[in-house]
Amino acid sequence: MTRSLLRRAGAAVTALTLVALGSVAATTPAHAATTTTCGYANAGSGRYAPTLCWFDFSTLDASQAVGPAGQAMEIALPDGATMRFSLKASGGTVAPHAFPTYSGAYLGNGGHYTGVPGEPALYQTSYKTVTTLTLSGIQVTDAQGQVITGYSLVGADAETTDSGESITWRSSKPIYSLTANGSDTGLGNACDAGLTGLGTTEVTCSARTNSVKTGTAILASQAPDTFSQQLNGGGKQAVAFGVLISQVQIAKKVASRFDGDDFRVFVEKPDGSARLEEAVTGSAGTSATTPAHKTVTSADGALFGFGEELVSGDARNYTASWNCTSNVDNPTLPSGDAGTANQVRVGVGEAVSCTITNTAKNAALSLQKKAGTPKDVNGDGIISAGDTIDYTFDLSNTGDTVLTDLTVTDTKAGHITCPPGELAPGATITCTADAPYVITAQDQSDAAAKNSATASASPPGTTQRITSDPSSTSTPVDTPRPALALAKSADPSAAADYRTGQRITYSFTVTNTGNVLVRDVAVGEGAFSGTGKMSPVSCPEAARALAVGAQVVCTATYTLTQADVDAGHITNTATATGTPPGGTPVSSPPATEQIPVLSGPGISVSKNVSPSSVGKAGETVTYSFTVTNTGNVTLTDVTVTEGAFTGTGSMSPITCPDVAKALPSGAQIVCTATYTLTQADVDAGKVDNSATATGTPPGGGTPITSPPATGTVIAPPHPALTIDKSADTEELVVDETITYSFTVTNAGNVTVTDIAVGEGTFTGAGQMSAITCPEGAKSLAPGAKVVCTATYTVTQADVDAGKVDNSATATGTPPGGSRITTPPSGTQVPSNPQPGLNLVKKADSEYAARAGQRITYTFTLTNTGNVTLANPAVREGAFTGHGTLSPVICPRQTLTPGQHLECTATYTVVAADLGTALRNTATATATTPGGGTADSDPSTATVDTGNPAHGQLPHTGANGELAATAAALAISGGVVVLFVTLRRRRRA
């Protein structure tokens, strides 16, 4: 080296100095192996900082190292492994030294493999010497004494190799670089004269400059028997030895968890026989990391088991995401959702670190409470206190994890039983209340049985409860309101019939006017001014259970006495009674009847229609005519007669029950008729009608008629149209005709007239035909369709544009309304652009006989595609001429499909061209409508410039012009004889 001694002052030489090889006699007795250590650089200070253990040579014995057998050394490695070798030194002496060896060294400076303990460098003690350091008998054994090969021996330049210096590594196994990364050697400017021999058993680093080094050579050899470093110093050189092993580590991150869950990560032997390292998070921790485990593996690396498990909890409740890193390229590392355990192959020198991040899956539960049909336990015909309701509960797992221990809490429903087992995500089970719910008096007072329930569950392995939102039901509850009404009448009751011996029939019409069934209906006589005895009141079987709204007619008879006649009248009062289920008997208000009375017949009718509103023609409605005897005498032959009716169809006959033949005072009957609405009715919007009831009073008097009652059925108009536009082709082709179809549908419930289709957006470059509609468009019934059409002829501009968009709307007029318009319907017909360009290049002469001849090239461009091309141009390619070709001139125009144009260029032959062929290749290009380019295949024109003196025969060009070739040239006695053959080529 050519450095100053001042710069070397920083690299203090230790007192230990190796003497030159041969200075120790061959008979030096053997020594016991020297025990030493190796150490690692600071984390992050080098690619192999965690796996490269540098040998500490502070225990170097000079006398042993230069001896015939060298110094035997023994180094303890991880996992109980031991490395043994002999260090032999020859040539210039070296001494141990710490990193860095001096201020300009790469190792130990600038954050490069810093912090290495001990004295890992062997530094020459003299200038311009050659030193060879050889490790032999290298062997590594495991804790059981078995030889293992999963390591590499490392040698490194621990100083700097400058101009005229070199280091040579030799090994019994191939040598590779630890700094190389792909095509990058990683040396910076070190070994700037070359690093040769990589991949072989001998590698040399040499230098040509003395610049500050931005890298250094670090080489390795897989499990060699011998390994040496030869230092060729101009100044002084230094090297270091080390062993490359492997390192594994695993960490855990808990992004979210269920209460109390505890996670463990571990690294173990592939067969699971022993765990090398493990770490736990604890029940509240969010991370854990194992110690970095260093180990010596087999030659091709080793498999390690990386994994996680739950100390408490269930792994099914979590997603696990793996993120593994290595200091070398390892595409086999697990990543993402890779399960709970993986086997990872770790190579020599590789440091693998994996992190498993656990995220708690979403746990969610929904509840749908359902109330069954209430049971009328007390038989009162309504839902009231004492009746029961069966409740069920549908529980759905709406989360991503399994749920267990499902329970439902409902304060009213009592204990609820759910099926045992787990509930998978997306699954639903039904839980059932053990006993029906009995409706209470409070429910009856509230008019409803209302209650709410919640469900809860736990993810497996945890006590954390997941609770659903409440789900409620409300079942209407009625309050019993028993009530009876009584209407009393006598027959006959006219003054003319009031005579001794006349038998009078009393009728008692009892109506259940409450909301519950009434049993054992009876009529009791009250005050009675008659002097005789009335018969018992007799009621029909129906009185034993009188439904809500039902009527029964009870009767009794009485024969007038003379005393009654003498008294001039009889007054009679009665009351109806009955018993509701489970309740107190109920009585009607008293009803009084006096005879004789003036005849007061009366009748009324009310009309009801169901349903009162219809949506479309063809629906049937039922008319109900409730006829009431509002007079005080029985009416016979009661009928209902239809009056004004605006319907366009026919109503069915009106039918009345048999009781209409003799309707007692106060009694009611319901007569019915049906009607089916026509389209005309729906178009009109409603149907009105009226009716009257007629009945005949006792004694055959004049029939009486009720005031009319009216009923209306409403048909709310819902006019609506839809339009669907389509085209009969899927691709644009120039000059082809497209037929557009516009299908208009009456989607409403009323007839729509004067259907028309209006064109909206249209991007075609041409003109569409008028839209024509068939006769059916004049009046379109609900549900009917009509198809209108139009045609359009495709233009070249449409194909160039790539598509034609078209939309349309339909309009029509509903009955009595303003015109309605559909939403627009559009269709798009695309083109299939296929640009194509062809080029044919020709020269105006096939042969150039002389320098200065002008050749005109013609380039014929043809548009072979289906779209217009713009900006046609010609690009010259390979040209063998020695002169300069003129620019290619093209007309400024576009090319429609099938069209062609010609471009031209000229060339003047130069002397250097003669005797060879002029070949010229060109391609054509143009711009497509979409902004792309169309390129032709290359086209080549060849012009022959052969020398006639070399045997070339004359010929004519393509246009028939003369070509002359000298067939022979003889020079004799100063006379030049030229033989010329002339020929005219016949035109084709």
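## Backbone, rings and pocket

Asp754 lies in strand S55. The model is predicted. Asp754 has a positive phi of about 55 degrees although it is not a glycine. Most residues other than glycine have a negative phi, and most peptide bonds are trans.

Cys191 is another non-glycine residue with a positive phi, again about 55 degrees. Cys191 sits in the loop between strand S11 (175-177) and strand S12 (194-196). Are these two residues buried or exposed, or in between? Cys191 is buried, because its relative accessibility of 7% falls under the 20% limit. Asp754 has a relative accessible area of 47%, so it counts as partly exposed, between the 20% and 50% limits.

Two prolines follow cis peptide bonds. One such bond joins Ile595 and Pro596, with omega about -10 degrees. Pro596 belongs to the loop between strand S44 (591-595) and strand S45 (603-610). The other runs from Ser610 to Pro611, with omega near -5 degrees. Pro611 is in the loop between S45 and strand S46 (620-629).

**Rings**

How many aromatic pairs does the structure hold? There are 14. One of them joins Phe762 and Tyr792. Their ring centres are 5.0 Å apart and their planes stand at 85 degrees, so the pair is edge-to-face. This pair links distant parts of the chain: Phe762 is in strand S55 (residues 752-762), Tyr792 is in strand S57 (residues 785-793), and 30 residues separate the two. Phe762 is partly exposed at 23% relative accessibility. Tyr792 is buried at 2%.

Ring pairs also tie several phenylalanines into a cluster: Phe55, Phe57, Phe85, Phe227 and Phe241.

Lysines sit over tyrosine rings as well. The table gives their distances.

| Lysine | Ring | Distance from ring centre |
|---|---|---|
| Lys236 | Tyr127 | 4.9 Å |
| Lys607 | Tyr623 | 4.5 Å |

In the second row, the charged end of Lys607 is what sits over the ring. In the other row, Lys236 lies over the face of Tyr127.

**Two threonines in strands**

Thr827 is part of strand S60 (residues 825-830). Its relative accessible area is 16%, so it is buried. What does Thr827 contact, leaving aside neighbours within four places in sequence? Its partners are Lys725, Ser726, Ala727, Tyr740, Val804, Asp805 and Asn806.

Thr906 lies in strand S64 (residues 900-908). Beyond residues up to four places away in sequence, Thr906 touches Arg854, Ile855, Thr856, Leu885 and Ser886. Thr906 can also be placed relative to Ala843. The two are 63 residues apart in sequence, and their C-alpha atoms are 9.1 Å apart in space.

**A pocket**

Rolling a probe the size of a water molecule over the atoms shows where empty space is left. The second largest pocket has a volume of about 200 Å³. It is lined by 15 residues. Which of them lie nearest its centre? Arg47, Tyr106, Tyr113, Thr179 and Ile218 do. By class, the lining has 9 polar, 5 nonpolar and 1 charged residues. Arg47 is the charged one, because Arg belongs to the charged class and the lining has 1 such residue.

Definitions and conventions: Residues are numbered from 1 along each chain as its sequence is written. This is a predicted model: local features need pLDDT of at least 70, side-chain atom pairs count only at pLDDT 80 or more; totals for chains, interfaces and linings use all residues. Side-chain values use heavy atoms; hydrogens and water are left out. On a 1 Å grid over the protein atoms alone, a cavity is a set of points where a 1.4 Å probe fits but cannot get out, and a pocket is an open set with protein on both sides within 12 Å along at least five of seven lines; lining residues have an atom within 4 Å of a point. Grid points are joined across faces, edges and corners, and a volume is the space filled by probe spheres set on the points. Helices (H or I, at least four residues) and strands (E, at least two) are DSSP runs, numbered from the N terminus. Buried means under 20% relative accessible area, exposed over 50%, partly exposed in between (1.4 Å probe, protein chains only). Contact means heavy atoms within 4.5 Å. Rings of Phe, Tyr and Trp (its six-membered ring) pair if their centres lie within 6.5 Å; planes under 30 degrees apart count as stacked, over 60 as edge-to-face and the rest as tilted. A charge sits over a ring if NZ of Lys or CZ of Arg is within 6 Å of the ring centre and within 35 degrees of the ring normal.
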